[in-house]
Amino acid sequence: MGRINPEGLSLREKVVYINRVAKVVKGGRRFSFSAIVVVGDDQGHVGAGKGKAGEVPEAIRKAIEQAKRSLIKIPIKDGTIPHEVVGKYGSVKVIIRPSPRGGGIIAGGPVRAIMEVTGVHNVTAKSLGSHNPFNTVRATLDGLMKLKDLESDEKGTLEEVETVNENA
């Protein structure tokens with residue numbers, strides 16, 4: 001899967017988490033900030049990024065740049081995902097299930113943010129294990145990357161079966 005160019009997309013960003021980190025030095029504490037941001041276009045493109053800087057706006061800007069570089073495309077079918085999927089990263093496990101129309105997004109913080117910017121409107125998700133937002137975002141993206149468009153998959157297998165039958 002190649003890199004997606006963010007230029008032609010109308011992306012919107014959502015800040016998932018901002019963390020203040022303190023480093024103890026000789027004169028006291030030195031504070032810096034890390035931010036995790038997700039970007040998406042409501043059409044199935046989504047990316048996540050992490051930025052670190054001395055000021056919050058700078059950390060958010062860096063996270064947005066990284067998120068735009070890490071865009072992926074996921075299949076959306078009738079406002080939901082095509083099938084159930086499980087994403088894992090570290091000790092976090094995220095179970096994402098399709099919901100019927102009108103069900104809404106039933107998910108916790110980081111997973112909800114990703115689904116909102118992706119354009120998925122009906123989905124149920126459960127995060128298990130750690131509640132670390134960085135790992136939860138990575139686990140959710142891992143699950144979304146495992147999604148397959150079932151209709152195009154069926155056509156591909158049908159074509160393979162037909163070519164095998166012709167060769168036999």
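**Note on the predicted model: pocket, strands and helices**

1. Strand S3 (45-53) and helix H3 (133-145) each supply at least two residues of the lining of the largest pocket. The structure under discussion is a predicted model, and the points below should be read on that basis. The contribution of H3 is the greatest, at seven residues of the lining.

2. The volume of this largest pocket is about 320 Å³. Its lining comprises 16 residues, and those nearest the centre are Ala48, Ser70, Val137, Arg138 and Leu141. Sorted by class, the lining consists of nine nonpolar, four polar and three charged residues.

3. Ala48, one of the residues nearest the pocket centre, belongs to strand S3. Is Ala48 buried or exposed? Its relative accessibility is 14%, and because buried means under 20% relative accessible area, Ala48 counts as buried. Beyond its neighbours within four places in sequence, Ala48 is in contact with Val37, Val38, Gln66, Ala67, Ser70, Val137 and Leu141. Three of these names, Ser70, Val137 and Leu141, recur among the residues nearest the centre of the largest pocket. A further spatial relation links Ala48 to Ile72: the two are 24 residues apart along the chain, and their C-alpha atoms are separated by 9.5 Å.

4. The surroundings of S3 as a whole deserve a separate remark. Seven of the nine residues of this strand are buried, so S3 is largely enclosed by the rest of the structure. On the pairing side, S3 joins S2 in the antiparallel sense over eight bridges. Within this pairing, Ile36 has Lys50 of S3 as its bridge partner, and Ala35 stands opposite Gly51. S3 also pairs with strand S4 (residues 72-73), again in the antiparallel sense, over two bridges; here His45 stands opposite Lys73.

5. The turn between S2 and S3 can be described at residue level. This hairpin has four residues between the strands, and Asp42 takes a positive phi near 65° there.

6. Strand S2 has a further partner in S1. How many bridges join strand S1 to strand S2? Strand S1 (residues 12-25) and strand S2 (residues 28-40) run antiparallel and are joined by 13 bridges. Val21 stands opposite Ser32 of S2 in this pairing. The hairpin formed by S1 and S2 has two residues between the strands.

7. A separate point concerns the open sheet. Four strands make up this sheet in the order S5-S6-S8-S7, with mixed pairing. Strand S5 (85-89) and strand S7 (105-106) lie at its edges; each has a single partner strand, so one side of each is left without a neighbour in the sheet. In general, the strands of a sheet pair through backbone hydrogen bonds, in either a parallel or an antiparallel manner. S5 and strand S6 (residues 92-98) are paired in the antiparallel sense over five bridges, with Val86 opposite Ile95 of S6.

8. Helix H3 connects the discussion of the pocket with that of the open sheet. In addition to giving the most to the pocket lining, H3 lies across S5, S6 and strand S8 (123-128), and runs at about 140° to S5.

9. Helix H2 (residues 109-118) is the other helix to be noted, and Ala113 is found in it. H2 is mostly covered, with seven of its 10 residues buried. Which residues of H2 are buried? They are Pro110, Val111, Ala113, Ile114, Met115, Val117 and Thr118. Just after this helix, Gly119 takes a positive phi of about 105°.

10. Ala113 illustrates the position of H2 relative to other parts of the chain. The relative accessible area of Ala113 is 5%, and the residue is buried. Not counting residues up to four places away in sequence, Ala113 touches Lys14, Val16 and Val38. Lys14 and Val16 fall within S1 (residues 12-25), and Val38 falls within S2 (residues 28-40). The C-alpha atoms of Ala113 and Val37 are separated by 9.1 Å, although these residues are 76 residues apart along the chain. Val38 also appears among the contacts of Ala48.

How values were computed: Residues are numbered from 1 along each chain as its sequence is written. This is a predicted model: local features need pLDDT of at least 70, side-chain atom pairs count only at pLDDT 80 or more; totals for chains, interfaces and linings use all residues. Side-chain values use heavy atoms; hydrogens and water are left out. On a 1 Å grid over the protein atoms alone, a cavity is a set of points where a 1.4 Å probe fits but cannot get out, and a pocket is an open set with protein on both sides within 12 Å along at least five of seven lines; lining residues have an atom within 4 Å of a point. Grid points are joined across faces, edges and corners, and a volume is the space filled by probe spheres set on the points. Ala, Val, Leu, Ile, Met, Phe, Trp, Tyr, Cys and Pro count as nonpolar, Asp, Glu, Lys and Arg as charged, and the others, Gly among them, as polar. Two strands pair if DSSP finds at least two bridges between them. Contact means heavy atoms within 4.5 Å. Axes are lines fitted to C-alpha atoms, for helices over the stretch in contact, and angles run from 0 to 180 degrees between N-to-C directions. Buried means under 20% relative accessible area, exposed over 50%, partly exposed in between (1.4 Å probe, protein chains only).
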